[in-house]
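Student: I would like a close look at a single part of this model. Please take one element and place it in its chain.

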Amino acid sequence: MLEFLQSGPVQSALLLSAAAALLCGALGLFTVLRGQAFAGHALADVSSAGGAGSLLFGISPLLGFLLFGVAGVAGLEILQPRRAAGRDEAAGILLGAGLGGTALLLHFCVTTHGAAGTAQAVMFGAMFSTPSDTALWSCLLAGGCLAVLALIARPLLLASLDEELARVAGVRLRALGLVFLLLLALGVTLAAMTVGAILATALLIGPAAAGLRLARGPLAAALLSMALGLAACWGGIVLAYESYGWIPGRTWPVSFFIVALLLLFYAAAGLRRRA
Amino acid sequence: MSYLVEIWLAVGLVALAAGAAGYIVVIRRAGFAAHALPMAAFPGAAAASLFGFPLWAGLAGVALSGAGLLALVQRTARRDAATALLLALLLAVGALCLSLSGHYAGSVYGLLFGQVFALGTEDLPVLGVIGLCVPVLLFLALRPLSLSALSPELMRVQGGRPFAMEVFFLAVLALAAGFAVPVTGALLVFSLMLGPGAAAARLCGSPLPGLALAMGLALGLAWAGLGLAFLTDWPVGFFTGVGAAAIYLLVRVKTG
C-alpha cells in the first residue's frame, strides 16, 4: 500500500481524479435537475478535440481541453434555442461537429507522429500519464470553480427547480445559465482528462443521480454526490492498481472500474430507496 | 474499381437508414438516445470476439438489451440522466472486453470514427437489409410513432400503447445503428441522423415529406463527405460532422 502511494503517476492520478470528482459531483446535481445531461456530454465530446489538439501541437492537455470546452459553451450558446424543445438536437449537432474535429486532429496525430494509442488516451482517459503540475493546476481550478458554484448555488437551484419563480424573484436567468455552462465545461474537461472524453458523463451524472435518490435536501445531495464520486474514482484507481496480477498479460482499464463503481452506487441507491 | 463502388453503395445504404431514423429521432426528441444506443455495437462486437460468439449475435444481443434497459430506466429516472448512465455502462463494458481480449487502440478509433475504407464485401448484404428495412418499418409505423411522440395522452385515449411504441422505436434504432456502426463508426451514423433529421423537421410540416427529405439530405451529406474524404484523405466523420452542423445552421437561419 505504501509503495502504491509513493508512486508518482498514482499521486497525480489521485489528485486529478479528486479534483474532477468533487467538482463534477457538485455540478452534476444541477445538471440532473436542469435536464442538461446531454449538453454536459456534448461539452465533454467537444473538449476531446482540444485533447487531440494538445497531443498534436505538444501543448499542455489541460490547456487544450479547456480551450475547446469553452469554445463548446460558445457553440451551445449560439445554437441552443430558448425553448426547451430544440435543445436536444442543438447539443447533438454540436457534439457531431466537435467529434468531427477530434477525428481530424487524431488523424493528423497518427499521420504525423505515428502515435496509434492517441485515440484511446483522449477518449478513455490517460490519468496515469498526467504530469504532476497539471494535476496541481487541476486542483486549483476545481477549487476556484467550486467557490464560484457555492456563490451562485442558491439562485441557480431556484432557477433549476422553478424558472418562473426565479424570474419573479429577480434572478437573471440567462447570465446565470451561461455561468453554469462555463463551470460545466470546466468540470467535464477535468473529468475528460480523468476517465476520458466519452466517459466523462458518467462522473458527472452517476454520483448526482445516486445522491438525489438518497439525500433529502439539496446540500446533503451535493455533499453525498461529491463523496460518491470521490469514492468511485479512488476505489477505481486502487482496483486498477491491484488488477495487474488477475489475468496474466492483460490489463483492466481504470475507467472501467470507476464507471462500474458509479453504476453500482446508483443501483444500490435505488434498492435502498425502495426498501 | 468495384471496391470503390461497394463503399459508395454501403455508405449510401447506411445514410438511407440513418436519415429515416434521424427524422423520427428529432420529432421524438431522442437525440441523446440516438447517440447512446449505437454505442451498444462497442460491447457487442467486443464481447463476441472475447467469448467467441458469432459477431451478429453479440451485436443484436447487446443492442436489444440496451434498448430494453433504456426504455425501462426511462420510466423511473429522468430521461437524460438514464441515457447518460446507459451510455457509460455500454462504453465501460466495451472498454473492458476489448482490453481483456488484447486489441484495444485501433478498435476504439474504428468504433468512433469509422473505417469506411476497410469495408469488406461481406458487410454489404447486412447493410442492404438495414438500408431497406429501417425506412420501410418506420414508414409503416409513422402514424403511431408521431402520435405517441406528440401526445401520449391522446394515443392512450385511442387505445394505443405509447410505451410499446417507445420500445419498438428504440429497438429499431439500436439494431440499425448497431449493425452500421462497426462498418462506418458511431460518429458518421450519428451525424447522418441528427443533421438531416433536424433540418427536415424544421422544413416540413407533415411527417411523410419530412421522412423523405431527411433520407435525401442524409444521402447527399454522406456521399459529399465520402467524396471529400477521397480527395483530401481526411476522415469521413470530420466532413459529415461539420456538414451536418452546416445544414442545420443554414436551415435555422432560413426558418428563424
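Student: How many of the 23 residues of α5(B) are buried, and what follows for its place in the structure?

Tutor: The model is predicted. In it, 20 of the 23 residues of α5(B) are buried, so this helix is largely enclosed by the rest of the structure. A residue counts as buried here if 20 or more other C-beta atoms lie within 10 Å of its own. For chain B as a whole, buried residues make up 57% of the 256 residues.

Helix α5 of chain B covers residues 79-101. From its first C-alpha to its last it reaches 33 Å, close to the 33 Å expected at 1.5 Å a residue.

The surroundings are helical: chain B holds 13 helices and zero strands. Its C-alpha atoms fill a box of roughly 50 × 40 × 30 Å along the principal axes. The radius of gyration of chain B is 18 Å, which agrees with the value near 18 Å for a compact globule because the chain has 256 residues. Among contacts in chain B with a separation of 6 or more, 77% join residues 24 or more positions apart.

Helix α5(B) also takes part in the contact between the chains, to which chain B brings 44 residues and chain A 45 residues. On the side of chain B that touches chain A, at least two residues each come from α2 (31-36), α5, α6 (105-113), α11 (186-203) and α13 (236-255) of chain B. Of these, α5(B) gives the most, with 13 residues. By class, that side of chain B has 31 nonpolar, ten polar and three charged residues.

Definitions and conventions:
Residues are numbered from 1 along each chain as its sequence is written. Chains are lettered from A and ligands numbered from 1 in the order in which they are written. This is a predicted model: local features need pLDDT of at least 70, side-chain atom pairs count only at pLDDT 80 or more; totals for chains, interfaces and linings use all residues. Helices (H or I, at least four residues) and strands (E, at least two) are DSSP runs, numbered from the N terminus. The radius of gyration is taken over C-alpha atoms; the globule rule is 2.2 Å times the number of residues to the power 0.38. A residue is buried if 20 or more other C-beta atoms lie within 10 Å of its own, exposed if 12 or fewer, and partly exposed in between; C-beta atoms are placed from the backbone. Two residues are in contact if their C-beta atoms, placed from the backbone, lie within 7 Å. The expected span of a helix is 1.5 Å times one less than its number of residues. Ala, Val, Leu, Ile, Met, Phe, Trp, Tyr, Cys and Pro count as nonpolar, Asp, Glu, Lys and Arg as charged, and the others, Gly among them, as polar.
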